[in-house]
Amino acid sequence: NCDDQLVSSLPQSSFSSSSELSSSHSPGFARLNRREGAGGWSPLVSNKYQWLQIDLGERTEITAVATQGGYGSSDWVTSYHLMFSDSGRNWKQYRQEESIWAFSGNTNADSVVYYKLQHSIKARFLRFVPLDWNPNGRIGMRIEVYGCTYRSEVVGFDGKSCLIYTLNKKLINALKDVISLKFKTMQSDGILLHREGQNGDHITMELTKGKLSLLINLGDTKTHPSNAQINVTLGSLLDDQHWHSVLIEHFNNQVNFTVDKHTHHFHAKGEFSYLDLDYELSFGGIPVPGKSGTLSRRNFHGCFENIYYNGVNIIELARKH
């Protein structure tokens with residue numbers, strides 16, 4: 001039920017804009033169905049360089065948006081872009097169907113056009129950017145945003161640290177593993193995840209030149225002479241200081257590797273279901289330098305959010321211990 005109204009209760013200071021036509025057209029009057037001031041926000045000049053911004057006060061899950069024109073006027077927006085940010089400086093555009101999404105806006109001043117987002121946004125700041133408006137009027141907007149509190153556990157890495165999780169042997173299912181996390185960084189290289197085995201077997205997830213690689217090494221070439229190593233790379237420009245989600249699912253020797261919304265399915269050759277791995281998983285780097293000769297020694301520098309291993313919340317465990 002993540003559909004609370006988020007804008008109606010915000011203070012005036014949470015609203016800002018590129019410009020305003022007058023003090024009675026200021027962004028604080030841009031609340032849905034309200035008639036204060038001139039009945040909505042209008043910028044000084046109607047062009048494609050204008051925007052209306054809200055600060056939700058904390059990172060929030062946003063599931064829907066709604067727009068309206070200026071009350072009792074001929075001012076409304078017929079299409080717009082939506083941008084979001086955690087900092088209010090580094091912006092990302094809402095995308096759908098692999099492209100920047102243009103939302104259909106209003107056809108009059110007072111009807112409400114509601115849009116349920118295909119995938120929710122997690123952000124603190126939201127920015128409406130008008131693209132087109134009533135040719136017989138100017139840009140005019142009243143808005144509402146719907147969503148709920150976004151609960152997350154975040155941990156920062158400084159390039160010298162890592163988080164080590166020792167698995168509970170009773171809970172281990174050798175045939176199934178699911179690891180999920182989000183990360184953001186400005187560094188183009190770094191080790192996100194590593195799990196070492198007894199005979200040189202290991203699984204490593206590493207950021208290299210802004211791309212994410214999953215390396216599975218079956219180590220013992222006598223037992224697995226052919227294609228003992230698998231390296232799958234996904235994504236690009238992942239060092240853009242925005243959150244990116246990662247999911248690794250391993251069932252028997254079928255592996256699904258997902259970065260954001262792109263998934264690579266593959267079969268690990270050899271006896272991958274019996275990979276001889278330690279009961280230890282490290283996030284953010286390799287704890288003992290020099291354990292695996294082929295790896296770069298660059299630990300991760302940035303943030304992880306909501307690390308889960310087979311349903312266990314790793315960051316919450318780290319805080320408790």
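## Pockets, strands and turns in a predicted model

Asn310 is partly exposed, because its relative accessible area of 33% falls between the 20% and 50% cut-offs. This residue sits in the loop that connects β22 (301–309) with β23 (312–313). Its phi is near 45°, which is a positive value in a residue other than glycine. Keep in mind as you look around that the model is predicted.

A second residue makes a good companion to Asn310. Glu97 is not a glycine either, yet its phi is positive, at about 50°. You will find Glu97 in the loop between β6 and β7 (99–100). Glu97 counts as exposed because its relative accessibility is 57%, and the cut-off for exposed is over 50%. As background, most residues other than glycine have a negative phi.

Now to the open space. The largest pocket holds about 1100 Å³. Its lining is made up of 38 residues, and those closest to the centre are Lys92, Trp243, His244, Asp260 and Lys261. Where does the largest pocket lie with respect to domain 1 and domain 2? Domain 1 (4–149) and domain 2 (154–320) both contribute residues to the lining, so the pocket lies between them.

Several strands take part in this lining. At least two residues each come from β4 (77–85), β5 (92–93), β6 (95–96), β9 (113–133), β13 (176–184) and β18 (244–251). Of the elements involved, β9 gives the most, with six residues. Sorted by class, the lining of the largest pocket has 10 nonpolar, 15 polar and 13 charged residues.

There is enclosed space as well. Searching the whole structure turns up two cavities of 30 Å³ or more. The largest cavity has a volume of about 120 Å³. Among its 12 lining residues, Asp177, Ile179, Ile203, Ile248 and His250 lie nearest the centre. Two or more lining residues come from each of β13, β14, β16 and β18. The lining of this cavity divides into nine nonpolar residues, one polar and two charged.

Next comes a sheet. Six strands form an open sheet in the order β12-β21-β14-β15-β16-β17, with antiparallel pairing. Its edge strands are β12 (163–166) and β17 (229–234), each of which pairs on one side only. On average, neighbouring strands of this sheet are turned by 10° against each other, with direction ignored.

It is worth following the strands of this sheet one by one. Strand β14 covers residues 190–196, and strand β15 covers residues 202–208. Across this pair, Glu196 stands opposite His202 in β15. On the other side of the next pair, Met205 has Leu214 in β16 as its bridge partner. The hairpin of β15 and β16 has two residues between the strands, and there Lys209 takes a positive phi near 55°. How many residues of strand β16 (residues 211–217) are buried? Six of its seven residues are, which leaves the strand mostly covered. Further along, Leu215 is matched with Asn231 in β17 as its bridge partner.

Another strand to look at is β3 (residues 52–68). Of its 17 residues, 15 are buried, so β3 is largely enclosed by the rest of the structure. Strand β2 (residues 15–17) pairs with β3, and Phe15 has Ile54 in β3 as its bridge partner. The pairing of β3 with β9 places Asp55 and Phe125 as bridge partners. Strand β10 (residues 142–149) is also joined to β3, and here Gln68 stands opposite Arg142 in β10.

The table gathers the bridge counts for these antiparallel pairs.

| Strand pair | Sense | Bridges |
|---|---|---|
| β14 and β15 | antiparallel | six |
| β15 and β16 | antiparallel | seven |
| β16 and β17 | antiparallel | six |
| β2 and β3 | antiparallel | three |
| β3 and β9 | antiparallel | 11 |
| β3 and β10 | antiparallel | eight |

Some strands appear in more than one part of this picture. β9 pairs with β3 and also supplies six residues to the lining of the largest pocket. β16 pairs with β15 and gives two or more residues to the lining of the largest cavity.

Technical notes:
Residues numbered from 1 in each chain as written. Predicted model: local features only at pLDDT ≥ 70, side-chain atom pairs only at ≥ 80, totals over all residues. Heavy atoms only, no water. 1 Å grid on protein atoms, 1.4 Å probe; cavity = no way out; pocket = protein on both sides within 12 Å on 5 of 7 lines; lining within 4 Å. Points joined across faces, edges and corners; volume = space filled by probe spheres on them. Helix = DSSP H or I, 4+ residues; strand = E, 2+ residues; numbered from the N terminus. Nonpolar A, V, L, I, M, F, W, Y, C, P; charged D, E, K, R; others polar. Domains from an automatic or database assignment. Pairing = 2+ DSSP bridges. Axes fitted to C-alpha atoms, helices over the stretch in contact; angles between N-to-C directions. Buried < 20%, exposed > 50% of the residue type's maximum accessible area, 1.4 Å probe, protein only.
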